[in-house]
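Here's a short walk through a structure you may not have met before. Have a look around, then we'll go through a few spots together.

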Amino acid sequence: YDSMLMLSHFKGHAMGGFGGALKNMSIGLASSYGKIWIHSSGTSTRFEDVFTADHDSFLESMADADRSVMDYMGRENIVYINVANRLSVDCDCDAHPHDPEMGDIGIFASVDPVALDQACVDAVYASEDDGKAALIERIESRNGIHTVEAAHSLGLGSRRYELRCIDSHKN
């Protein structure tokens with residue numbers, strides 16, 4: 001294929017703090033060995049070493065993997081959508097995820113995965129939903145924003161964005 005639609009369920013994540021476009025592109029597209037390589041921050045391909053890396057290095061490795069996908073596909077050939085519904089602190093990959101505590105906040109789309117994930121994180125913080133506290137704690141306790149910071153520092157996108165709302169009730 002010469003283009004890609006990256007459709008992600010934005011929610012919390014046990015290791016990444018949250019999962020959105022950047023996490024989905026890096027881990028979601030990686031082979032089993034690639035997943036180990038990312039989780040071990042490029043030091044091993046042995047499953048036993050997956051959780052031994054420095055945590056921030058793991059988050060930075062996800063951004064590095066994002067760069068490889070974007071460079072291969074061509075940045076102009078990827079569109080990203082984050083569906084922010086049923087917001088649990090846990091990822092869909094968790095065998096026994098915690099029930100969602102936060103209501104739906106919308107569907108976000110962009111050609112910039114950094115801006116997209118930043119907008120979703122900002123929407124969580126700005127939400128009036130009391131259930132956001134658990135997700136914010138998960139994001140902060142895992143330094144989740146660091147993947148966005150690392151991707152921005154690699155030039156993969158901007159943390160600045162402009163939200164444009166589409167009224168779904170108009171024809």
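Lys23 counts as buried, because its relative accessibility is 12% and buried means under 20%. Keep in mind as we go that this is a predicted model. You'll find Lys23 in helix 1, which covers residues 21–29. What is Lys23 in contact with, once its neighbours within four places in sequence are left aside? The answer is His13, Phe18, Gly28, Met62 and Cys91.

Now slide back along the chain to strand 1, residues 4–9. This strand has two faces: Met4, Met6 and Ser8 are on the covered one, while Leu5, Leu7 and His9 make up the uncovered one. Strand 1 also has a partner, strand 4, and the two run parallel, joined by 6 bridges. If you want a spot to look at in that pairing, try Leu7, which stands opposite Ile81 in strand 4.

Strand 4 (78–84) also leads us to the next stop, since the loop between it and strand 5 (106–110) is where Arg86 is found. Is Arg86 buried or exposed? Arg86 is exposed, because its relative accessible area is 54% and the cut-off for exposed is over 50%.

The backbone has something to show here too. Most residues other than glycine have a negative phi. Arg86 isn't a glycine, yet its phi is positive, at about 45°. Ser41 is another non-glycine residue with a positive phi, this one about 60°. To find Ser41, look in the loop that runs between helix 2 (32–39) and helix 3 (55–73).

Definitions and conventions: Residues are numbered from 1 along each chain as its sequence is written. This is a predicted model: local features need pLDDT of at least 70, side-chain atom pairs count only at pLDDT 80 or more; totals for chains, interfaces and linings use all residues. Side-chain values use heavy atoms; hydrogens and water are left out. Helices (H or I, at least four residues) and strands (E, at least two) are DSSP runs, numbered from the N terminus. Buried means under 20% relative accessible area, exposed over 50%, partly exposed in between (1.4 Å probe, protein chains only). Two strands pair if DSSP finds at least two bridges between them. Contact means heavy atoms within 4.5 Å.
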